[in-house]
Amino acid sequence: MLRKKEVGAASVTANGLPIDPSIKIEKSRAAKKAELNRNLVAYSFIAPNFIGFAVFTLIPIVFAFVLAFMNWNGNTDMTWAGLDNFKYIFTNEMFLASLRNTVVYTVGTVPLTLVASLFLAIVLNQKIRGRNFFRTVSFFPYVGSLVAITAVWNMLFNPSMGPINEILRMLGVDNPPRWIADNNWAMFTIILFSVWKYMGYYMVIYLAGLQGINSELYEAASIDGVNTWQKFWYVTLPQLRNTTFFILIMLTIQCFKVYDIVYMLAGGGSGALSEATTVLVYEIYNSAFRYWRLGVASAEALVLFAIVLAITIVQFRLEKDK
Amino acid sequence: MKKTIAVLLTALMAVSFVFANGSSETAASDGTTTLTWAVWDYATTPYYDALIEAYEAQNPGVNVEVIDLGSADYQTALQIQLSGGGSEFDVVAVKDIPGYNNLVKAGLLTDLKPYVERDGIDTSKYGGIVEQVTVDGTYYELPFRSDFWVLFYNKDLFDAAGVPYPDNDMTFEEYDALARQMTSGSGSSKVYGAHYHTWRSAIQLFGILDGQHQITDGGDYSYLAPYYEMALSQQADGVVQDYATLKTSNIHYSGVFYNESVAMMNMGSWFIASLIAANNSGQSDADNWGIVKYPHAEGVEPGTTLGTITALAIPSSTNEKDAAWEFVKFVCGEQGAEVLASTGNFPAVTNEEINNIIASMDGFPQDEASKEALNVAQLYLEMPLHDKSAEIEVVLNEYHDQIMTGNMSVDEGLAEMGRRVDQVLAN
């Protein structure tokens, strides 16, 4: 999408012969009709999906762009707000806190997940006994129901009677962290959980990437007498570049959209997130469906959109420059 | 080519049908009227069917159907359904005050005052609740349930400890001393003297019972400090369970009372029906229990307590306003109140007769004090009606949490609470 169109590509035929643009071949009416027919058939196949997409995704997205500059509660008349919604959100402490938390979460989760899943993939790519078993075990957190596994984590990390803190106390830690109940540890606990949950999934993608590496490269490297570390650094990593790039983008976007994990881990029974754990999507939900300020919610969503777009563009640029 | 256009047109029509079908006809050809009622927790709430049966028996031409929107996101789901302008609901239950405020602001409810005045209904029987939900001189809902907070206690635990039961006239100092006296044991035999559920109402709203302050006023919240300090020191001394533990483990208040690990618990009157049912089914061991009036500050009348209401409203989009109003009038009136009371729930219309129905229920404690505890002197809503109530609620919850988990000191937390509520009010 961002690549420049190669200039002049269309002026060469399939055989590489130059095309004189001054010669225009007049299509016959029958050919035109056949083409139209073909297109219509194709469109009719796309139609069911596209109509659904347009009604439920495209129109709402365009609508959200408009709404960001309006005041609306969903029923009464819309009024023009100009930039008021943006002024409001950038002075709103909860929104700013959610922005900060989301960035912290992403910066914490993405590199850790990348490293952890790559490590797992390399280890489980060796011919070891019970390899499939361990692969399944690593993948399990990803398929487990979020509600169930967050409940288990909350028990494990319970500040006063959780087994993690019991063990820490036995090991001589007098004041073990209060994890999700402590403002300073809450985000860390959420990052830890996310890495654990996601690493199995990205491990599978890395495994596919590892198996796609030509073994001749390793043989050649062995003949050149390089050690294992050098093999990893000069063969494996560069060969996995495309995989890493894909994971980086998917994971970053996923992290910016985080909501369910934080809600389930830190929301407690009331499902209310505090300033220490609130995230962008939660604030958008709150503005829209608790306060019914749809304009403000759209403005917040626009900020999220701009961030994700910017990061994706930067990542694509970096990828191209390499 | 013609075929493809036909296919496209059919697809478009199919799509537009889906959207055009929002408002369905409610009056059938045989003269019966069908009313659709939006509720939550239909399967676990006995009174919906009881009310409908009683109403249909009186009004043979009317059919009431129920649609359950679920409890967790009820207000959100309801408002989304009503916002389209073409919902099928004729009557809706309104769960809380912030939700009511949002619906009113969006112009989704019918003004009920003209109907009330036309039919000459005396709203004083609701004990001031109608005045508390009045917006710009009129109101859009009528309460049918009104719950208030009382102090539940486990008689067996008091008997075992040889401590006299709490009574209907207790100050907070007496309550605190009693809770400490009732705390005993450790491990699995540990008995906590009191219990606070993780809702902010359970502690924070002790502070508004003197009638001097509105929780939505913002500014100086230091008047809440004594109650937070009492709760925190009880927590530190093991008199009540640790807030952070309760919250992260998502522990429900009913369980700790059922398994006899707490001697006293402040909770809403809705817990009476659940407790009786749990005792009957054997789910609960706490079958010897009682209630007394809420503890009160020095100089405040006993029986002053917190309340929360459940109300009915009529969406402005319905075509069956008159039929809907007749149903609302029934459910929120004396007849509905009797049906509600017979299922162990507290109707918004209160009088001696209704209290007698509840107190004579099987499983309700037989002592005089428990029956007397049903008389409310003054009721303050957990969340008063305010234009920004939904946003204020979030701030109040947040700092309740920060204080109770020890992330902030009481003074720090209350100062922040005031600052943030002021910010909400200014915007």
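Which residues in H2(B) meet which residues in H14(B)? In this predicted model, B:Tyr47, B:Ala50, B:Leu51 and B:Ala54 are the H2(B) residues involved. Their counterparts in H14(B) are B:Gln335, B:Gly336, B:Val339 and B:Leu340. By class, this contact has six nonpolar and two polar residues, and no charged ones.

The geometry of the pair was examined next. Helix H2 of chain B covers residues 47–58, and helix H14 of chain B covers residues 334–342. Their axes come within 9 Å. The crossing angle is roughly 140°. H2(B) is therefore oblique to H14(B), because only angles over 145 degrees count as roughly antiparallel. The crossing of H2(B) with H14(B) is right-handed.

Contacts between the chains were then considered. On chain A, 35 residues are in contact with chain B, where 33 residues take part. Three helices of chain A each give two or more residues to the side that touches chain B: H1 (29–67), H5 (146–156) and H12 (280–290). H1(A) gives the most, with eight residues. By class, the side of chain A that touches chain B has 16 nonpolar residues, 14 polar residues and five charged residues.

Chain A was also described by domain. The domain assignment gives domain 1 of chain A as residues 26–67 and domain 2 of chain A as residues 85–321. Taken over C-alpha atoms, the centres of these two domains are separated by 37 Å.

Definitions and conventions
Residues numbered from 1 in each chain as written. Chains lettered and ligands numbered in written order. Predicted model: local features only at pLDDT ≥ 70, side-chain atom pairs only at ≥ 80, totals over all residues. Axes fitted to C-alpha atoms, helices over the stretch in contact; angles between N-to-C directions. Helix = DSSP H or I, 4+ residues; strand = E, 2+ residues; numbered from the N terminus. Parallel < 35°, antiparallel > 145°, perpendicular 65-115°, else oblique. Left-handed = near helix turned anticlockwise from the far one by under 90°. Contact = placed C-beta atoms within 7 Å. Nonpolar A, V, L, I, M, F, W, Y, C, P; charged D, E, K, R; others polar. Domains from an automatic or database assignment.
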